[in-house]
Amino acid sequence: MPSDWRPNTVTNPKSGFSFSEAGAWELIAQLLEQGHPIKAIELDNPPGVTGYVMKHQLGDDERFLYIKIHFGNGKIIGRSFHYDY
């Protein structure tokens, strides 16, 4: 299953340090709780599975963050967490 999960390459503007694994999930939870826009997409791998994509600007002058998750095996699976290309 392809994945580009790299929270340690994204600087958290609040701390000035890279996101940790836990920090990435905390941000995702906050965005979902705040009703941040999320787009459903069909994944190529695994085929037929729905993924969910969010793009979030970390700060006023910051690049966008690309986040992709999907549901599987009774849990949320992180697929992408990196700067948007």
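**Exercise 1. Histidine 82**

Decide whether histidine 82 is buried or exposed, and list its contacts beyond the nearby sequence.

*Solution.*
Step 1. Histidine 82 counts as buried because its relative accessibility is 3%; the limits are under 20% relative accessible area for buried, over 50% for exposed and partly exposed in between, with a 1.4 Å probe and protein chains only. The model is a predicted one, in which local features need pLDDT of at least 70 and side-chain atom pairs count only at pLDDT 80 or more, while totals for chains, interfaces and linings use all residues. Residues are numbered from 1 along each chain as its sequence is written, and side-chain values use heavy atoms, with hydrogens and water left out.
Step 2. Histidine 82 belongs to strand 5. Helices (H or I, at least four residues) and strands (E, at least two) are DSSP runs counted from the N terminus.
Step 3. Beyond the neighbours within four places in sequence, histidine 82 is in contact with Asp4, Arg6, Val10, Phe64, Leu65 and Tyr66; contact means heavy atoms within 4.5 Å.
Step 4. The strand around histidine 82 can now be considered: strand 5 is mostly covered, with seven of its nine residues buried.

**Exercise 2. The sheet**

Establish in which order the five strands form the sheet, and how strand 5 is joined to strand 1 and to strand 4.

*Solution.*
Step 1. The sheet is open and mixed in its pairing, and its five strands follow the order 1-5-4-3-2. Its edges are strand 1 (4-5) and strand 2, each of which pairs on one side only. Two strands pair if DSSP finds at least two bridges between them.
Step 2. Strand 1 and strand 5 run parallel and are joined by two bridges. Aspartate 4 has serine 80 as its bridge partner in strand 5, and tryptophan 5 has phenylalanine 81.
Step 3. Strand 4 pairs with strand 5 in the antiparallel sense, over eight bridges. Here phenylalanine 81 of strand 5 stands opposite isoleucine 67.
Step 4. Phenylalanine 81 thus appears in both listings, as the partner of tryptophan 5 and opposite isoleucine 67.

**Exercise 3. Two backbone features in loops**

Identify what is notable about the backbone at asparagine 73 and at the bond from asparagine 45 to proline 46.

*Solution.*
Step 1. The background is that most residues other than glycine have a negative phi, and most peptide bonds are trans.
Step 2. Asparagine 73 is not a glycine, yet its phi is positive, at about 55°. The residue sits in the loop between strand 4 (64-72) and strand 5 (75-83). These two strands form a hairpin with two residues between them. Asparagine 73 is exposed, because its relative accessible area is 76%.
Step 3. The peptide bond from asparagine 45 to proline 46 is cis, with omega near 0°. Proline 46 is located in the loop between strand 2 (39-42) and strand 3 (50-57).

**Exercise 4. Helix 1 and two of its residues**

Describe how helix 1 is placed against the strands, then state whether leucine 27 and glutamate 33 are buried or exposed.

*Solution.*
Step 1. Helix 1 lies across strand 1, strand 3, strand 4 and strand 5, and runs at about 100° to strand 5. For such angles, which run from 0 to 180 degrees between N-to-C directions, axes are lines fitted to C-alpha atoms, for helices over the stretch in contact.
Step 2. Leucine 27 is in helix 1 and is buried, with a relative accessible area of 12%. Apart from neighbours within four places in sequence, leucine 27 is in contact with Phe19, His56, Leu58, Leu65 and Phe81.
Step 3. Glutamate 33 is also part of helix 1, but counts as exposed at 69% relative accessibility. Its C-alpha atom is 18 Å from that of phenylalanine 81, which is 48 residues away in sequence.

**Exercise 5. The largest pocket**

Find which residues line the largest pocket and which element supplies the largest share of the lining.

*Solution.*
Step 1. A pocket is an open set of points on a 1 Å grid over the protein atoms alone where a 1.4 Å probe fits, with protein on both sides within 12 Å along at least five of seven lines; lining residues have an atom within 4 Å of a point.
Step 2. The lining consists of Asn12, Pro13, Lys14, Phe19, Gly23, Glu26, Leu27, Gln30, Leu31, Gln34, His56 and Leu58.
Step 3. Helix 1 (residues 21-33) contributes the largest share, five residues.
Step 4. Asparagine 12, one of the lining residues, is in the loop between strand 1 and helix 1. Asparagine 12 is buried, at 18% relative accessible area, and its contacts beyond four places in sequence are Phe17, Ser18 and Phe19.
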